[in-house]
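Got your viewer open? Here is a short tour, one selection at a time.

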Amino acid sequence: MKDVSFLQNVRAACVRAWPWLRWPVWIGLGVALGFLVPYAAVLDARVRDRVGEIAFSQPTRVYARPQRLAAGVPMDADTLALELTAAGYTQAQNEARVPGTFSRDGSAFVIASRGYADPAGGELPRRVRVTLSRGQVDAVKDLTSGRTLRETHLDPARIAALYGAEQEERQVVRLDELPPLLVTGLQAVEDRDFKHHHGVDFGAILRAMFANLRAGHVVQGASTLTQQLVRNLFLDRNRSFVRKFNEALLSVLIEAHYSKQQILSAYCNEVFLGQRGDQAVHGFAAASQFYFARPVQTLRPQEDALLVGMIQGPSIYDPRRYPQRALVRRNVALDMFHATGLLDDAQWQAAKASPLGVTATPQLVADRFPAFMEAVRAQLRQDFPDQQLRGGGLGVFTTLDPAAQIIAENALDDTLTALGKRGRNLEGAVVITDANTGSVLAMVGGRRTDLHGFNRALDAQRPIGSAIKPFYYLMALAQPTRWNLASMLDDTPISLRQPNGTVWSPSNDDHIAHGQVPMVEALAKSYNLASVHLGMQLGVERVAKFLRSFGLQNVPANPSLLLGAVDLSPFQVTQLYQYFAADAHALPLSTLRGVTDAQGQAIKRYTVQPGEGEYQPAERLTRWAMQQVTQYGTAASVGDSSLAWLHAAGKTGTSDSQRDSWFAGFTGQHLAVVWVGRDDNKPTGLWGATGALRVWRSIFGKLPTQPLPPSPGAGIEFAWIDPQSGQGTQQDCPGARQYPFIAGYAPAVQDHCYFQQLKNFFGVGVGGDDAQSPPQAADTTQH
């Protein structure tokens, strides 16, 4: 009765007070609704935009080229291991079985590939044994079927992710693409009532309050997966009442708009799981690559548990920095997996006994090769809108050869470092292409290959010196009735008036005029005077016009052009020399192979269809002459080294005052152009042969490649020549040398040396030591 009486008294008091309170109450309620409804509407719009972005917006992923493995492909064990490491493979303790691993026994590798799809088709995962021998692949065997394979390909390394302006690594996957144990284990550890609450779990809040009060400090949280998703997407980490209110309201809104499966999918793609530098790792798929270098679908129970356990604190439980903490936390997650029936006793014990198994180096895609990626971005911007690149989920398949790239980076820095004080302020650039297709395999923009910034391979415009000479020698050889490699050139002083009125008097680098010299010797030893005389006979304007036909601009028609007074980037010089490397085919350089959409369907392919070679016989003669450059000319250190078997062709170049050192050289498989100089344009003290050529030799000392044939090829015939006159002679005449000529244009035999032989027979002293010997490497001209 007392309780009833009390309630009646309260009711009577409210009735008496209502006339005084009704207006403040109605006003307060109106203000609350007037604020809360619009505020909730604003938050609701943010929820739909942001969660939809995670669900449907995917980064553009950029890949290197797949490594082809087939009998006869140049390859050594160190390079194959480098290729595998670059592609994120890890070395197994025993024979490789898990996709994304390899094992090595000397020159034999067992590789468990992951499979891939690209515009050319791709391959399924498989286990293969690759045997290497004598610098090439000896055999490839499928270990499942036991068959010897004609060829296979390694899945390509992922080298960049284009996702907005921020450096962010995220791989958006569907929920059914994740391991079931990972999804159910996440709920077992983080939110067991996930399927039943509406964004906020009041029961969990009460349980956490009780547990924390009993312990005297925070030992248990009460945030649902939905609340955690809200924090990751919208809120900071402060603990104010406003932030808690917003978190609860946003959680309810998300639950009202999306199904549990959609919320779980967004969470699995958004959860923060690590960081390296300024690049964050979001989602289980990206974290799987970051920590284990394997697709998330291949994770084992202990690896699922580590990722789930790390959610509470990715930095606290970082398995690379704090392996013991991470192991304890992983085992806590495994215990919860077991307690909720997700693992049986045997699985639980086996998983807890397993090591962490993370890779030593984070497999994080962060524009690993910025110089190369700059060229890729430039091409993509021409073909695709920026929005499609940011969120279209494109797959971009490039021509990059990771092993060639890493070898080139190391060669440049190591060579310049070995120069000591002289190399301290030096910079450089390298471009490597496929000699036959023009595909760009590597691009180094400077010694600090990890930095974005000035890309010397693309943007450093510097005089190329004598590297220009082969192009107008080619022009002369394209007129076989007038010139050939035995033609005598005038290596004597010359003075010319420039268009600005100044008088230009070039000289040889050894400051000696050599008189009449064969054309091939003038190019091999880079005689400036002979080259200028030749260029003036051809016509400077014609030489400039020929160079412009390769797409070059601002080529001055000055006599000094004949000695390389034209500013070009290493990329442009590579484009020029691709003509020689590709057997007289002016192929455009390309960094892209193809692009796929988010469903993996090819939407663009980049192919080159070479036509008939232009000036092919003359080009083959010029190429043979450039092979003499590496045999006895300014790049004779190649022929005198272990690289002699490559029969490489190339040309050195040095600009005025030794400010720039160049070498462009190619084998039967690769073309590499190297520039060395200073950013302040001060003299380097280096010739082409003492700077850039050293880098080139270092690259090809490690890069597996095919030799260039020593003979020029079809349409060319050899004849015996007297080098002192350039006329045809007989093989047994003193000093006779074989020179190649365009078929049908070899000079007739003029000197039968009959009388010379007769005098020799009677002991009259001609020939012998007085005979002209083939040019040797003693000449020190480096231009």
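Is Asp679 buried, exposed or partly exposed? Asp679 counts as partly exposed, because its relative accessibility is 46% (buried is under 20% relative accessible area, exposed over 50%, partly exposed in between, with a 1.4 Å probe and protein chains only).

Before moving on, a word on what you are looking at. This is a predicted model, in which local features need pLDDT of at least 70 and side-chain atom pairs count only at pLDDT 80 or more, while totals for chains, interfaces and linings use all residues. Residues are numbered from 1 along each chain as its sequence is written, and side-chain values use heavy atoms, with hydrogens and water left out.

Colour by pLDDT, the predictor's confidence in each residue from 0 to 100. The protein chain has a mean of 85, and 82% of its residues reach 70 or more. Now select 764-782, where the pLDDT is below 50; beyond near neighbours in sequence, this stretch has 39 contacts in the model (contact means heavy atoms within 4.5 Å). Where pLDDT is low, the predicted coordinates should not be read in detail.

Return to Asp679 and add Arg456: the two form a salt bridge, with their closest N and O atoms 2.7 Å apart (a side-chain nitrogen of Lys or Arg within 4 Å of a carboxyl oxygen of Asp or Glu). The pair links distant parts of the chain, 223 residues apart. Arg456 sits in helix H15 (residues 456-459), and Asp679 in the loop between strand E26 (670-677) and helix H23 (692-700) (helices, H or I of at least four residues, and strands, E of at least two, are DSSP runs numbered from the N terminus). Arg456 is buried, because its relative accessible area is 10%.

Next, pick Glu95, Arg97, Arg127 and Arg129, which are joined into one network by salt bridges that share partners. Within the network, Glu95 and Arg97 have their closest N and O atoms 3.8 Å apart.

Now show strands E6 (residues 127-133) and E7 (residues 136-142). Six bridges join these antiparallel strands (two strands pair if DSSP finds at least two bridges between them). They form a hairpin with two residues between them, and Arg134 in the turn has a positive phi of about 55°. On the E5 side, Ala108 stands opposite Thr131 in E6.

Finish with Arg482, in the loop between helix H16 (469-477) and strand E17 (488-491). Not counting residues up to four places away in sequence, Arg482 touches Ser487 and Gln537.
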